[in-house]
Each structure stands twice: as structure tokens, then as C-alpha cells.
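Here are my notes on this one, written as numbered points you can follow with the structure open beside you. Take them in order and find each piece as you go.

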Amino acid sequence: MPELPEVETIARELKKSVLGKKITEVCVHVPVVIRQPSVEQFKKGLTGSTIKNILRKAKVLILELSNGKALTIHLKMTGQLVYPGNGKTSRVSFRLSDGKYLDFFDQRLFADLRLLDDWRQLPFIQGLGPEPFDITAERFLEMLSKKKAKIKPLIMDQTFISGVGNLYAAEALFRARIDPQRSGLSLSDKEAVLLLKETQATLREAIVHKGSSVDNYVQLTGLPGGYAKYHKVYDREGKPCIMCKTPIKRTVLGGRGTYFCPKCQK
DNA sequence: AATGGGACCTGCGCGC
DNA sequence: TGCGCGCAGGTCCCAT
């Protein structure tokens, strides 16, 4: 499931391979993923425009175009972008001025593609909290001090902090040795600062390894990311904790599978 | 007001 | 064997 490191990986690769190219043709094989505007307007607005800039905001990819509009892509759980693709088996294909295809795939059709006049006005983006990299220790303490919600759902709340999903929330909490069920305001200052630091470090390391391919995620090249082998708790139910050998447990928290070490995380 | 659960989807893995 | 069910999770939406 693409979270900040996976989307960052794709954004960096897009900058290297499609920046400056013109979109010469758009084929929408599965219209449902185009959320805004109509498919016809989407195709018309993209065709003939050049990709001027590529940005990432939390888990959202933004391709700014020469006509002033922007293509936003949220991959949700199973979205993939592949370049160069075959232009045929995808949900949506963008033919570029180099004759190659930028292909969008999505097994479960949850993804969200939009063509917007001003991406900054997209409500989801307006509602995003700061990314972990942009938060100081002092600010994080202040943010947590009012929050009685459970810490794991809290750090996955995109309006609280943005970019962290289920996988990296579990990994960061393990590394900070914090029980996912603790409430935000129950964390000591020392624990909170450690959690922020470990969240940042986990995301950075995952970016270095080009993301975690546990589900459908692939890099732009179609190759898997390399971070999954470094996971300490995620998807490791019953396996020994790397620190203490206690079997990793799985519970459900906020409706999501939650992996943790019952001995190390207090 | 904050929290929880269902909806949106499809493919895979499991159990009978 | 083959089928049907549950599960995976990002976000929205509604109910409590």
C-alpha cells in the first residue's frame, strides 16, 4: 500500500523520466478512476500539454502541466504507475512525446485521478496535516498534548500528520517501543520525541530502499521496492520479535490490522 | 465532538 | 476439486 516513501519513490522516478515530455494521447480504459472532471474533459485537458513539474504532497502525486492545470494521482491501496508501459493492459494510459506510455494500473479501482485548475484547492490536500519531516519536537509535543485518541490511528490520521499509513505506523511505534493502543496525551515528552524521530527515520530508510512491496506497490520501472525485508513487525504475526524473540501479535485497532511486540512495546 | 464501522473494490488464500 | 468466504487497507461518509 503506497505510503509516503512509495509515493516519494515514484515522484523521484517520474522527475527523471517524464518531466518535460508532452502528453500526446490519453486512453481511459476504465473510466471509474477518473473522479474529476468528466472523462472527456480529463482527456481534453491533458492532451497536448507538457509535464512542467512533479510534486508530492503526503501520499498524493501532482503533475503540473504547461496549460496551468494539474493531474493529481492518489494511488490508495493498489494503484501503480509504470513507465515505460505497454499502453494496453492498464486502466489509464498516457502516451508521451517520446512515443512511450506512462501506464496507470489499479487492481481494486480505489485510486483517485483528477485534473484540476488549482490542486491546492483540493479539499483533501487542504486538510492535510504537516509531514513528519516538517514537525519539530516542540510542535509534536504540543500537537499530542490535546489528543486522547489512540496513538496508532492518530499518526495515521492525515489531518493530524500526513504521509504515514498502516505499515509505517506499526514500524515506527515498534522502534519507539510504544504500545499502539496508548492515547496520544499519555505519551511522556521523551516517548513522544522518540516516536517523531523514529517515524522520520523509518520513512527515510524506506525511501532509501525505494519503498515496501508488500501488496501491489511497484516502482515506476515495475520492479518491487526493497524495504519489506527490513520490516520488524508488519505482517510478522507469530514470528519472533527481533529484539526479544516474543511472538509478534496482531490486533485490530481503528479497524486496521496492527502488529506489535507485546513485550517490547509498553 | 470524537470515534467506529461500513462502503468502495478485487484477488488471493484458506477451509470444508 | 472447487467453491465461497474473509481479508487486505486509504479515505469518505454516516451514525452514535
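1. Start with what counts as a strand: a run of at least two residues that DSSP labels E, and strands are numbered from the N terminus. Two strands count as a pair when DSSP finds at least two bridges between them. One caution before you look further: this is a predicted model. With those terms in hand, look at β4 and β5, which make a hairpin with four residues between them. In that turn, Gly68 has a positive phi of about 90°.

2. Stay with that pair for a moment. β4 and β5 run antiparallel and are joined by five bridges. One bridge to look for is the one between Val60 and its partner in β5, His74. Keep His74 in mind, as we'll meet this residue again at the DNA.

3. On the other side of the story is β3. It forms a hairpin with β4 too, with two residues between the strands. Here the turn residue with a positive phi is Ala58, at about 55°. β3 and β4 (residues 60-65) pair in the antiparallel sense over six bridges. To check the register, find Leu55 opposite Ile62 and Arg56 opposite Leu61. In general, strands of a sheet pair through backbone hydrogen bonds, either parallel or antiparallel.

4. Now zoom out. Which order do the five strands of the open sheet take? Reading across, the order is β2-β9-β5-β4-β3, and the pairing is mixed. The edges are β2 (34-36) and β3 (51-57), each of which pairs on one side only. From one strand to the next, the twist averages 25°.

5. Is β4 mostly covered or mostly open? Mostly covered: six of its six residues are buried. Val60, Ile62 and Glu64 point one way, while Leu61, Leu63 and Leu65 point the other way. Notice that Glu64 is in the buried set along with the others.

6. Next, the helices that lie on this sheet. α1 (residues 4-17) lies across β3 and β4, and its direction is at about 165° to β3. α2 (residues 39-46) packs on the sheet as well, touching β2, β4, β5 (70-74) and β9 (112-116). The direction of α2 makes about 60° with that of β9.

7. A residue worth clicking on in α1 is Glu8. Why is Glu8 called buried? Its relative accessibility is 13%, and buried means under 20%. The side chain of Glu8 has a polar contact of 2.7 Å with the side chain of Arg12. Leaving out residues up to four places away in sequence, Glu8 touches Arg56 and Ile207. That is the Arg56 that stands opposite Leu61 in β4.

8. What about α6 (residues 166-175)? All 10 of its 10 residues are buried, so this helix is largely enclosed by the rest of the structure. Among the buried residues are Glu171 and Arg175, together with Leu167, Tyr168 and Phe174. The buried residues of α6 pack against α1, α5 (151-156), α7 (189-208) and β11 (256-260). After α6 comes Arg177, whose phi is positive, near 60°.

9. Now the DNA, beginning with strand B. Around DNA strand B you'll find Gln107, Arg108, Leu109, Phe110, Lys148, Ala149 and Lys150. By class, that surface has three nonpolar, one polar and three charged residues. Of the strand B atoms within 4 Å of the protein, 61% belong to sugar or phosphate and the rest to bases. For a contact to a base, look at Arg108: an N or O atom in its side chain is 2.6 Å from a base oxygen. For a backbone contact, a polar backbone atom of Ala149 is 3.4 Å from a phosphate oxygen of DNA strand B.

10. Finish with DNA strand C. Of the 16 residues around DNA strand C, those that come nearest are His74, Met77, Arg108, Phe110 and Arg250. The surface there divides into six nonpolar, four polar and six charged residues. Three side chains to look at, each with a polar atom by a phosphate oxygen of DNA strand C, are His74 at 2.5 Å, Tyr234 at 2.8 Å and Lys59 at 3.2 Å. And His74 is the β5 residue that bridges to Val60.

Note on methods: Residues are numbered from 1 along each chain as its sequence is written. Chains are lettered from A and ligands numbered from 1 in the order in which they are written. This is a predicted model: local features need pLDDT of at least 70, side-chain atom pairs count only at pLDDT 80 or more; totals for chains, interfaces and linings use all residues. Side-chain values use heavy atoms; hydrogens and water are left out. Axes are lines fitted to C-alpha atoms, for helices over the stretch in contact, and angles run from 0 to 180 degrees between N-to-C directions. Contact means heavy atoms within 4.5 Å. A residue is near a molecule or strand if one of its heavy atoms lies within 4 Å of it. A polar contact is a pair of N or O atoms within 3.5 Å; within protein, one must be able to donate a hydrogen and the other to accept it, and residues adjacent in sequence count only if both atoms are side-chain atoms. Ala, Val, Leu, Ile, Met, Phe, Trp, Tyr, Cys and Pro count as nonpolar, Asp, Glu, Lys and Arg as charged, and the others, Gly among them, as polar. Buried means under 20% relative accessible area, exposed over 50%, partly exposed in between (1.4 Å probe, protein chains only).
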